[in-house]
Amino acid sequence: MSVAPLSRKPRQTAYDVVIVGGAAMGSAAAWFLAANPDFSGSVLVVERDHNYTQSSTALSASCIRHQYSNPVNVKASMFGSEFIWSFRDTMDNDPEVPEIELRELGYLFLSGADTAHILRENHQVQAACGAKTVLMSPDEVAAKFPFYNLEGIDLASFNGTGEGWFDGYTMMQWLRRKAREAGVEFLDNEVVAMARDGNTVTSVTLASGEEISCGTVVNCSGPRASRTARMAGLEVPVEPRKRCLFIFDCADDLGQPMPLTIDTSGVHCRSDGQYYLTGGVPEDDCAVDNNDFDVVYDEFDEQIWPALAYRVPAFERIKMVRGWAGHYAYNTLDQNAIVGRHPEVSNFIFCNGFSGHGFQQSPAMGRGVSELITYNGFRSLDMRELGYERVVSGTPFLEKAII
């Protein structure tokens, strides 16, 4: 089936579902709606940055892990791995659809004595969900990965099944394409206003001037989620936080690929072809302007490199190749996803605030939003714990494995 050219003008004046944001979350929600035989409505996806030059999706490290402390997060990411493994089959075995590569080199969490109990508690949750995480002593880590300096390490957790990094951008583009083939309309435009009649959002207004009637609005606008919510007179505790990623070369060969390693310092690092990819949480971690994508190179020199050189002695001789900055959609309440209907404005659905672990969970969240719209409830994975009600009550849903 051919795909209509991307347009700035909507084909209709009313849609059953309007999705604000068409990157990983918006495209996944659109595809799951279009693929669900029980849903027969019209869907419009409005994306302001159709080339995705500033989207969190395109600028992420595209990694996936099952090592969380809450079952809903473990299961959401496990479904993400299954979705990647079976991507072509899921897309009706279309020979044009590529197999999505998942490099299962795993995540390795390193812990000192003060936090080892958290890894043990998390491991119990992960094992109960079917994740393949194993706990490792320093001697076991040294035998498997001899390039680490393990001074100060009491325990580690590792999972090489379903964890690693994947070609997420290709996956997102094909979700978008297959959704369009199934009749979902994607617009190169921007939602700039919404109208409400009591507790119902009745329409959205586009930057090009059109007012579009809607049955349901889904907020998939990433770091701009608060701006989108305020158009409907609502609040969501999400703000853009800058995260810089750096690619570097090492003069010495480690002898084997490096798993995505979470150091006790908070710095993370993994192999990236012949190079390595690294990043961390900035010391001054505050909200930034939505258009601020300046790379903070001092972060690499002053914070990241010293931690790397301590943990991997070979990294004393490295050279930065390049760096870039992206934005987390940072949930200031608890750094966890907010997914579900507003308790009063019930035709407004949130899919926001993933704080860095959204891309890997986008298949599960897209499926969940689709079920919520089609059946008025979650069927495959109960995600009510992630609902907006906790924002109203100010009750955090804490995740001990946030990085």
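**Close-up views of a sheet and two helices**

**View 1. Helix α5 lies across three strands of the sheet.** This is a predicted model, and our tour starts with α5. The helix covers residues 116–129 and lies across β5 (107–111), β6 and β7. Against β7, α5 runs at about 30°.

**View 2. Eight strands line up in an open sheet.** Following the sheet across, you meet β6, β7, β5, β14, β15, β16, β13 and β17 in that order, with mixed pairing. The edges belong to β6 (134–136) and β17 (318–331), each of which pairs on one side only. On average, neighbouring strands here are turned by 20° against each other, direction ignored.

**View 3. Strand β6 meets β7.** Now zoom in on the β6 edge. Here β6 and β7 (residues 155–159) run antiparallel and are joined by three bridges. To find one residue pair, look for Met136, whose bridge partner in β7 is Ala156.

**View 4. Helix α9 bends at Ile304.** At Ile304, α9 bends by about 45°. A proline, Pro306, follows within four residues. How far apart are the end C-alpha atoms of α9? They are 20 Å apart, which agrees with the 21 Å that the 15 residues of this helix (297–311) should span at 1.5 Å a residue.

**View 5. Helix α9 has buried residues covered by strands.** Which residues of α9 are buried? They are Glu299, Phe300, Gln303, Ile304, Ala307, Leu308, Ala309 and Arg311. Their cover includes β5, β13 (238–250), β15 (268–272), β16 (275–279) and β17. Ile304, the site of the bend, is thus one to look for again here, among the buried residues.

Definitions and conventions:
Residues are numbered from 1 along each chain as its sequence is written. This is a predicted model: local features need pLDDT of at least 70, side-chain atom pairs count only at pLDDT 80 or more; totals for chains, interfaces and linings use all residues. Side-chain values use heavy atoms; hydrogens and water are left out. Two strands pair if DSSP finds at least two bridges between them. Helices (H or I, at least four residues) and strands (E, at least two) are DSSP runs, numbered from the N terminus. Axes are lines fitted to C-alpha atoms, for helices over the stretch in contact, and angles run from 0 to 180 degrees between N-to-C directions. Contact means heavy atoms within 4.5 Å. The expected span of a helix is 1.5 Å times one less than its number of residues. The bend at a residue is the angle between axes fitted to the seven residues ending there and the seven starting there. Buried means under 20% relative accessible area, exposed over 50%, partly exposed in between (1.4 Å probe, protein chains only).
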